[in-house]
Amino acid sequence: MSAVQTTKMSNFRWVICGLLFLATTVNYMDRQVLSLTWKDFIAVDFHWTDEHYGYITGLFSAFYAIANIFAGKFIDWMGTKKGYLIAIFVWSTGAVLHAGCGWATMSIEGYADIAALRAVQAGSDAAVAIATISVWLFLSCRLILAVGEAGNFPAAIKATAEYFPKKDRAFSTSIFNSGASVGALAAPATIPLLARAWGWEMAFIIIGVLGYVWMGLWIWAYDKPRQNKRVNQAELNYIEQDNDLAEVQDRGAVKEEAAIPFFKCLTFRQTWAFLVGKFMTDGVWWFFLFWAPAYFSDQYGYTSDSTMGIALIFTLYAIVTVLSIGGGYLPKIFVEKQGMNPYLGRMRAMLIFACFPVLGLFAQPLGAYSAWWPAILIGLLGAGHQAWSANLFSTIGDMFPKSTIGTIVGLGTAIGGLGSMAINMGSGVFFTWAAGQGAAFTFMGFEGKPAAYMIVFSFCAVAYLIGWCIMKTLVPKYKPVVAE
């Protein structure tokens, strides 16, 4: 029996997966600081309306979309280790810079302190000027945040493809992708309390610094599997089982596949299937990520720093976190138990997960009885999204060479960012308009702003099923793309 067969396999790939999980958690906490502080802290200081916030979230999505066009290619060019380090440094710096927006607004407008800004009469020319200047300052910080955060998913998906065989990628992706919901879960339990205790500025600083800590862990842990001394030959064989390299005894370099040129990628139906899946569904997740705290504050009077407000958001994302991890395991059952190829197994699983968001249709009606109903139903919708997203990302590893994964992920995330821009910016304008219309605007028995929420929830409920049908039409069966 060979040494390879008798050596116990190391499991360092799960350490890497854990670091991807931590990075994604920090990523989403940085993204959530604004959504958890704007309504009850920042808007009061700078005289913001829903429309102001909608523009900030919508343009952040646009910045994120544009950055992702280049982020994937950048990660493929720089490599996973260096590319990820640069990305998290940039987004952490952008997060910390938000804390200076209040000081900068005071300096530009000539006010002595935040209290003086807050005391300006609402609706006055001075209030409009304060709101305008502050929005532009926050947008500048959101631009830096977006550029850095654009590197997270291309780098994480690329690292997953490097460290896991195809059969395990959806499960490992669901684990690190659950960092999004864990970050969203940790955020309401910490950020409003930080803002209440030390001010909203300190909330941005404390959460932003976490990224710098992660950088040290990444430098220590990450190398490609063949160069990583913590990965033994048995684990390397397991990782490379799809490459017919399982019996390779030495750890010499293996020639990488040629990367597919950017514009060539756009000629494949597989690329467009992924783009459609991202465009139709990313905005749904970002809408609830950005607007859920304001929704519970607006509709039920529970501010983000109140005990009930924290409990509602925490419950929502607890449901997302617990249920979404199983989303990566379901296609594994289809592949190993029913003999499907990975792509068909994922598509079947995604059809099941696309049905979860339909529950969102009942969130607003049942909210008339208790705010817990929308918290639970939106949580189930979010769990469906995260499970869907983990499998959607994994279809790239199934169909594209590793050398091109970063490019495809970046392109898809860019398109998803455009979808998010549309729903978030549109919602901000729509909510402000609907609130002004009051009883003159109705939908399904709701009036004014609640009617607007019902319309947006209805779109979110069916977006996944529409996306799945288009994807299945474009790529009805497994067909990998080969670099020439």
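This short talk covers one pair of helices and one glutamate in a predicted model.

Let's start with the helices. The pair is α9, residues 166-198, and α18, residues 372-399. Their axes come within 8 Å. At what angle do they cross? Roughly 140°. Angles over 145 degrees would count as roughly antiparallel. This crossing falls in none of the named ranges, so α9 and α18 are oblique to each other. And the hand? α9 passes α18 in a right-handed crossing.

Now look at who meets whom. On the α9 side, find K166, R169, A170, T173, S174, N177, A180 and S181. On the α18 side, find Q386, S389, A390, N391, F393, S394, G397 and D398. What kinds of residues are these? Four are nonpolar, nine are polar and three are charged.

Next, the glutamate. E235 lies in helix α11, which runs over residues 233-239. Is E235 buried or exposed? Its relative accessibility is 0%, and buried means under 20%, so E235 counts as buried.

What does E235 touch? Skip its neighbours within four places in sequence. Then E235 is in contact with M9, S10, N11, F12, R13 and R230. Two of these deserve a closer look. With S10, the link is side chain to side chain: a polar contact of 2.4 Å. With N11, the backbone takes part. The backbone nitrogen of N11 lies 3.5 Å from a polar atom of the E235 side chain.

To recap: α9 and α18 cross obliquely, and E235 is buried, with a polar contact to the side chain of S10.

Notes. Residues are numbered from 1 along each chain as its sequence is written. This is a predicted model: local features need pLDDT of at least 70, side-chain atom pairs count only at pLDDT 80 or more; totals for chains, interfaces and linings use all residues. Side-chain values use heavy atoms; hydrogens and water are left out. Axes are lines fitted to C-alpha atoms, for helices over the stretch in contact, and angles run from 0 to 180 degrees between N-to-C directions. Helices (H or I, at least four residues) and strands (E, at least two) are DSSP runs, numbered from the N terminus. Angles under 35 degrees count as roughly parallel, over 145 as roughly antiparallel, 65 to 115 as roughly perpendicular and the rest as oblique. A crossing is left-handed if the near helix is turned anticlockwise from the far one by less than a right angle, and right-handed if clockwise. Contact means heavy atoms within 4.5 Å. Ala, Val, Leu, Ile, Met, Phe, Trp, Tyr, Cys and Pro count as nonpolar, Asp, Glu, Lys and Arg as charged, and the others, Gly among them, as polar. Buried means under 20% relative accessible area, exposed over 50%, partly exposed in between (1.4 Å probe, protein chains only). A polar contact is a pair of N or O atoms within 3.5 Å; within protein, one must be able to donate a hydrogen and the other to accept it, and residues adjacent in sequence count only if both atoms are side-chain atoms.
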